[in-house]
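Reader: I should like to learn how the packing and the backbone of this model are to be read. Please take one feature at a time.

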Amino acid sequence: MKPVVGIGGNDHFMSVPDAHWTAYTPKSFVDGIQQAGGIAVILPITEDPETIQYYISSIDKLLLTGGQDVAPEFYHQAPHQKLGAVYPARDRFEIALIQEALKQDKPIFGVCRGMQLLNVAFGGTLLQDLSLKEHAIKHDQLPTPFQIPTHTIQVAPESRLAKIVGTNYSVNSFHHQAIDQLADGFVVTASAPDGIIEGIESTAKKIMGIQWHPELAHAVIPSEQSIFDFFVHEF
């Protein structure tokens, strides 16, 4: 049986040709999972606890993707002037997915916003904008294409992540928020040269997150596909 990976969905309002909402996830995540030999299933946003319980019971692993900023109400802060767009309904949904995945002991992998939300769900906080912390490198690489790594990271030698990409690695980068206070029960597994956290993992559960975007580079960089391979088959 192929492993089934549930991807936390997002909502998008489309105004043309007719006004309607779309439930979606970026296809590049689906491609990465399928290329790894897994089955990708999108989990549409809901507030119904029974549906969330069913979602998690129907999958083997949970993947949380990028997107909107995490609403600061979930880590007990007022919104900063540089806060981007938020979608609290998605935050509540994904936090509920995380809590249910914990109950059912299902592995969780978070990418970019997904890693940040994991940190918030377990009691950590975020920098609402990187301007709030002095840093030396560019973390939003546009207009450079995402298939091109733009800065290095140092990976903790004993981490799961090091087994996939090694201890010295280069990544793409597209974020203006970052982890500030790390949640209890987690360790930092990777950092950028300016100290920004690029990877975390739980000390007790199969939960890990990364700040960069393997889904946008896996088609041209084999080690980025290896991240999906590890999550689907070994994590």
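Author: Let us begin with one residue and its contacts, where contact means heavy atoms within 4.5 Å. Not counting residues up to four places away in sequence, L161 touches V155, G166, T189, A190, E201, M208, I210 and W212. The model is predicted, so local features need pLDDT of at least 70 and side-chain atom pairs count only at pLDDT 80 or more, while totals for chains, interfaces and linings use all residues. Residues are numbered from 1 along each chain as its sequence is written, and side-chain values use heavy atoms, with hydrogens and water left out.

Reader: Which residues touch the most other members of the largest nonpolar core?

Author: A nonpolar core is a set of buried Ala, Val, Leu, Ile, Met, Phe, Trp, Tyr and Cys residues joined through side-chain atoms within 4.5 Å. Buried means under 20% relative accessible area, exposed over 50%, and partly exposed in between (1.4 Å probe, protein chains only). Here the largest core has 30 residues, and L63, F109, L161 and W212 touch the most other members. Elements that give two or more residues to this core include β1 (4–8), α1 (27–35), β8 (151–155) and α6 (222–233); helices (H or I, at least four residues) and strands (E, at least two) are DSSP runs, numbered from the N terminus. The most comes from α6, with 5 residues. A second, separate core of 27 residues includes V4, I52, Y75 and I108.

Reader: How should the packing of two helices be described?

Author: Two packed helices are described by the angle between their axes and the distance between the axes. Axes are lines fitted to C-alpha atoms, for helices over the stretch in contact, and angles run from 0 to 180 degrees between N-to-C directions. Helix α2 (residues 49–57) packs on helix α3 (residues 88–103) at about 55°, with the axes 9 Å apart. That angle makes α2 oblique to α3, because angles under 35 degrees count as roughly parallel, over 145 as roughly antiparallel, 65 to 115 as roughly perpendicular and the rest as oblique.

Reader: Which residues make the contact between α2 and α3?

Author: From α2 come I52, Q53, Y55 and I56, and from α3 come F93, A96, L97, E100 and A101. These residues divide into 7 nonpolar, 1 polar and 1 charged; Ala, Val, Leu, Ile, Met, Phe, Trp, Tyr, Cys and Pro count as nonpolar, Asp, Glu, Lys and Arg as charged, and the others, Gly among them, as polar.

Reader: At what angle do α3 and helix α4 pack?

Author: The angle between α3 and α4 (residues 113–121) is about 70°, with their axes 10 Å apart. That makes α3 roughly perpendicular to α4. R90, D91, E94, I95 and I98 of α3 meet R113, L117, L118 and A121 of α4. By class, this contact has 5 nonpolar, no polar and 4 charged residues.

Reader: What should one look for in the backbone?

Author: Most residues other than glycine have a negative phi, and most peptide bonds are trans. In this model, a cis peptide bond joins L142 and P143, with omega about 15°. P143 lies in the loop between β7 (126–127) and β8. H76, which is not a glycine, has a positive phi of about 60°.

Reader: Is H76 buried or exposed?

Author: H76 counts as exposed, at 75% relative accessibility, and is placed in the loop between β5 (61–64) and α3. C112 also has a positive phi, near 55°, but C112 is buried, with a relative accessible area of 8%. The loop between β6 and α4 holds C112.
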